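User: Please go through the terms used for this model and show how each one is justified.

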Amino acid sequence: MLNKQDLGRQVQTFQYVPGKLTYRIVVTTKDEVGALADVVQRVAALGVNFTSECGANYPEFNLALIVLYGEESKKRPTPEAIKKAVLASPTVVEAKVESTTDGLLMEGDLFPLRFPSGRRAVIVGLDNWGGMLRRMRDEFGSGGETIAYEEGVAAGKADAKGLVKTIGLEGIMGNIPRIGELYTAHGWGRMVYTKVKVSPFRGVMRLEGSFECVENRSKTPYSRFMRGHFVGLVSEIFGIDVVCRETKCVAMGDPYCEFVSTLREP
Ligand SMILES: [Zn+2]
């Protein structure tokens, strides 16, 4: 039985399936209804079992890029046969098919990575980024904790500015519970509860599996970066001076980290 922790998005930076014939199929199509479906059907008809799909539309160029990963089934089509079938689709402009039985196919076509706002994105392992914050704190003590917090504030402000630019202040105000889901979408932690009262401001947010806390054990609430991020985000969006306390923390054994943001006492 699957539980929700087993689900989630696999960011397809590579595929490694040794001993099987595997494929990476890169197709440029016109940005038209049914283009993806047509390509998928043609490849599936040859017996490719899809393992993942990613891509993007570029309406300004009337083009879409589709990257399909797959493996052999009972049938083992050649890359040439797949390319020929795909190119026969009236919407397809260009196609490239890589295949291997060595196991490794790398994603080398989808760069740069961007959020829907157009902002560049980079993928960093949780152990890299969480580890970097932890080492900074272990090495520099309270100085390192302060830097982690201040980096969080700066990142929260930058993210808020990006949000305002993309969906506008009204869009943010009308979607406050949704905004919290950005943390889930970015993989920082699963936002399981958001409650925001605007006047006087009080925000409560609960995050499961926060990247900063989940691999640590602590007797006191551990978060610095995320706490700073909430402060930066809220202060930039609402134009108010807030403080954020972490009242529950997975590093202390709680099921989630809970962040309570309130107006700073004068
Ligand atoms: Zn925590």
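The exchange below sets computed values against their definitions.

Analyst: This is a predicted model, in which local features need pLDDT of at least 70 and side-chain atom pairs count only at pLDDT 80 or more, while totals for chains, interfaces and linings use all residues. Residues are numbered from 1 along each chain as its sequence is written.

User: What makes β3-β4-β2-β5 an open sheet, and which strands stand at the edges?

Analyst: The 4 strands follow that order with antiparallel pairing; strands are DSSP E runs of at least two residues, helices are H or I runs of at least four, and both are numbered from the N terminus. β3 (49-58) and β5 (92-100) each have a single partner strand, so one side of each is left without a neighbour in the sheet. Neighbouring strands are turned by 10° against each other on average, direction ignored.

User: How do you know that β2 and β5 pair?

Analyst: Pairing requires at least two DSSP bridges between two strands. Strand β2 (residues 22-30) and β5 have 8 bridges in the antiparallel sense, so the pair meets the definition. Within it, Val26 stands opposite Lys96 in β5.

User: What packs on this sheet?

Analyst: α1 does, touching β2, β4 (63-71) and β5, with its direction at about 145° to that of β2. α2 lies across β2 and β5, running at about 165° to β5. Axes are lines fitted to C-alpha atoms, for helices over the stretch in contact, and angles run from 0 to 180 degrees between N-to-C directions.

User: Which residues make the contact of α1 with α2?

Analyst: Val39, Arg42 and Val43 in α1 meet Ile82, Ala85 and Val86 in α2, where contact means C-beta atoms, placed from the backbone, within 7 Å. The axes of α1 (residues 35-45) and α2 (residues 79-87) come within 9 Å and cross at roughly 145°.

User: What makes a residue set a nonpolar core?

Analyst: The set holds buried Ala, Val, Leu, Ile, Met, Phe, Trp, Tyr and Cys residues joined through C-beta atoms within 7 Å. Buried means that 20 or more other C-beta atoms lie within 10 Å of the residue's own; 12 or fewer is exposed, in between is partly exposed, and C-beta atoms are placed from the backbone. The largest such core has 27 residues, and Leu207, Phe230 and Cys257 are among those touching the most other members. α5 gives the most to this core, with 8 residues. A second, separate core of 17 residues includes Tyr23, Ile25, Val86 and Ala95.

Definitions and conventions
Two residues are in contact if their C-beta atoms, placed from the backbone, lie within 7 Å.
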